[in-house]
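Hi,

Here's the structure I promised to pass on. Have a look at it first, and my notes follow underneath.

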Amino acid sequence: MKVREHWGSRLGFVLAAVGSAVGLGNIWKFPFITGMYGGAAFVLFYLISILLIGLPVMLIEFSIGRKTQLNPVGAFQKLAPSSPYFLIGAMGVLCGFIILSYYSVVAGWTLTYMYKAVAFGFKDFSSPEIAGEAFTAYSSSPIWPVLSHAVFMFLCIFVVSKGVKVGIERWNRILMPTLFVIILLLIVRGLTLEGADAGLKFLFVPDFSKLTANAMLVAMGHAFFTLSLGMGAMLTYGSYLSEKEDLVKSSLWIIVADTGVALLAGIAIFTAVFAMGFEPAGGPGLVFHVLPAIFSMMPGGNIMGFLFFALLSIAALTSGMSLLEVVTAYFIDQKGWSRRKASIAFGFLIFLVGVPSALSFGALKEIIIFKMNLFDFFDYLSFKYMLPLGGFFMVLFTIFRWKPKSLLEELKRGGPGLKISVGLATVLLLISAVFVGVTFVAGVLGVG
Ligand code: TRP
């Protein structure tokens with residue numbers, strides 16, 4: 001049997017996992033939901049959710065991955081032979097496939113805007129309305145979104161085909177520090193603008209009256225999404241770990257870095273938004289309508305615009321790699337394919353599946369499933385249903401089949417582990433199962 005490839009160093013592994021976790025969710029979702037749902041009050045509840053839901057599921061994924069040294073499907077088969085538990089892994093691999101197919105479309109937009117910043121500096125985008133029209137024209141074109149989606153998938157394939165150490169680890173070692181430097185530059189610019197403090201107020205002044213039940217559900221769902229949990233991405237990265245790694249410590253670092261980037265991105269963005277007198281928005285509206293207008297007015301806006309879209313592209317690329325790696329690892333381990341063949345074949349297939357999403361704002365606008373266009377449908381299916389469901393079953397698997405005792409034992413290899421009794425671990429897992437279950441049901445019912 002072939003020896004499994006391992007990460008070259010602890011830092012390399014942590015950076016890769018942070019790379020997976022830090023994505024579009026941190027930069028275009030977190031800052032906005034924070035401002036909308038009560039600032040510091042929301043952040044506080046989000047941190048509680050991370051500890052109650054995020055940390056347990058992350059520990060489970062890393063432990064199962066390291067213990068079995070396999071992809072999500074193989075891992076569950078190994079721990080629970082001849083049982084349907086492998087379906088958790090199968091759903092994860094499928095989910096990786098689906099998410100990447102449209103995540104790559106958005107990532108393609110950010111690549112294009114990076115280019116636009118250099119080429120035109122957003123000169124003509126003098127208001128969010130004008131920038132918005134330009135964005136609609138761009139995203140509904142039959143050519144550009146498909147081409148940029150192709151470029152992004154090519155980059156993911158390029159990195160993943162090289163391997164864990166020479167591909168994924170090496171690129172994360174270059175890209176993640178770059179991402180941190182860019183954020184710091186953007187923050188300095190944001191904070192030195194006149195009127196920046198209104199942005200800080202929006203983000204951080206606690207307003208407990210906005211912390212409604214709905215806000216709490218949003219926080220719980222986001223805790224899951226932002227850490228790339230529930231589909232085996234962290235499980236797969238964990239499968240390249242050796243016994244020497246302290247899983248608890250690494251997980252805490254990953255969580256701190258992910259939350260840190262989200263908060264810093266929030267500061268960079270909302271100081272600028274408020275200083276320039278705009279309304280805060282979320283998602284595509286923020287990134288492709290409001291921010292280009294800001295960059296067109298702000299001193300140094302050309303460079304800042306380029307840096308911002310480079311930041312988004314890097315965040316998306318390091319997440320995209322981890323998604324492609326889940327699918328690739330499955331075909332290497334289970335089907336005996338070479339890494340090169342698996343990553344190229346499936347990268348290409350994911351590109352093809354993503355083409356309709358890339359066209360869903362223009363040529364294929366008319367195709368509506370459950371009142372959503374194709375892009376929104378894939379987004380909804382994976383994030384609202386598949387991730388929470390996957391996480392829910394992973395926790396149940398650990399409680400009832402693998403057993404909390406095995407989890408605690410695995411956590412003890414390579415570090416002090418968690419110094420809690422099996423009984424307490426079971427209770428904590430049950431609590432997180434309930435919370436993940438509530439998040440899922442709320443998603444199905446359309447709250448949150
Ligand atoms: N964590 C990513 C973000 O914040 C999104 C994401 C969710 C993801 N699940 C994933 C990325 C699985 C890679 C793998 O944007």
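Let me start with Lys403, which sits in the loop between helix 16 (374-402) and helix 17. Before going on: this is a predicted model, so please read everything below in that light. Lys403 caught my eye for its backbone, with a positive phi of about 80° even though this residue is not a glycine. Most residues other than glycine have a negative phi. As for its surroundings, Lys403 is partly exposed, at a relative accessible area of 42%.

Ser228 has the same kind of oddity: not a glycine, yet phi is positive, about 55°. You'll find Ser228 in the loop between helix 10 (213-226) and helix 11. Ser228 is buried, with a relative accessible area of 15%.

The ligand

Ser228 also turns up at the ligand, where one of its polar side-chain atoms lies 3.1 Å from a ligand nitrogen atom. Two backbones come in as well. A backbone N or O atom of Phe225 is 3.0 Å from a nitrogen atom of the ligand, and for Thr226 a backbone N or O atom lies 3.2 Å from a ligand nitrogen. How much of the ligand does the protein bury? Taken alone the ligand exposes 360 Å², and the protein buries 100% of that. Altogether 17 residues surround the ligand, and the closest are Ala21, Leu24, Gly25, Tyr103 and Phe225.

Salt bridges

I get a count of eight salt bridges. One of them joins the side chains of Glu245 and Arg10, at 2.6 Å from N to O. Glu245 is in the loop between helix 11 (233-238) and helix 12 (247-275), while Arg10 belongs to helix 1 (residues 10-21), so this pair ties together parts that are 235 residues apart in sequence. The two partners differ in how they are covered: Glu245 is buried, with a relative accessible area of 9%, whereas Arg10 is partly exposed at 36%.

Then there's Arg413, which is worth zooming in on. Its side chain meets that of Glu243 in a salt bridge of 2.8 Å, N to O. Arg413 lies in the loop between helix 17 (404-412) and helix 18 (422-445), and Glu243 in the loop between helix 11 and helix 12, so the pair ties together parts that are 170 residues apart in sequence. Arg413 also has a salt bridge to the side chain of Glu410, again 2.8 Å from N to O. Arg413 counts as partly exposed, at 27% relative accessibility, but Glu410 is buried, with a relative accessible area of 3%. If you colour by network, put Arg66, Glu243, Glu410 and Arg413 together, as salt bridges link these four.

Cysteines

How many disulfides are there in the whole structure? The search finds zero. Take Cys95: the closest cysteine sulfur to its own is in Cys156, 16 Å away, which is too far for a bond. The view from Cys156 matches, with the sulfur of Cys95 as the closest cysteine sulfur at 16 Å, too far for a bond. For reference, a disulfide here needs the two sulfur atoms within 2.5 Å. Cys95 counts as buried at 1% relative accessibility, and Cys156 is buried too, with a relative accessible area of 0%.

The surface

Last stop is a nonpolar surface patch of about 680 Å². The residues that make it are Leu44, Ile48, Leu52, Phe208, Leu424, Val427, Leu428 and Ile431. Which helix gives the largest share of the nonpolar patch? That's helix 18, with four residues. Helix 3 (40-68) and helix 18 each supply at least two residues of the patch. Leu428 makes a handy landmark if you want to find the spot on screen: this leucine lies in helix 18 and is partly exposed, with a relative accessible area of 40%.

If you only have a few minutes, I'd open the view at Ser228, since that residue has both the positive phi and a side-chain contact to a ligand nitrogen. After that, go to Arg413, which has salt bridges to Glu243 and Glu410.

Cheers

Methods. Residues are numbered from 1 along each chain as its sequence is written. This is a predicted model: local features need pLDDT of at least 70, side-chain atom pairs count only at pLDDT 80 or more; totals for chains, interfaces and linings use all residues. Side-chain values use heavy atoms; hydrogens and water are left out. Buried means under 20% relative accessible area, exposed over 50%, partly exposed in between (1.4 Å probe, protein chains only). A residue is near a molecule or strand if one of its heavy atoms lies within 4 Å of it. A polar contact is a pair of N or O atoms within 3.5 Å; within protein, one must be able to donate a hydrogen and the other to accept it, and residues adjacent in sequence count only if both atoms are side-chain atoms. Accessible areas come from the Shrake-Rupley method with a 1.4 Å probe; for residues, only the protein chains shown count as cover. Patches are made of residues with over 30% relative accessible area and no salt bridge: like charges are joined within 9 Å, nonpolar side chains (Val, Leu, Ile, Met, Phe, Trp, Tyr) within 5 Å.
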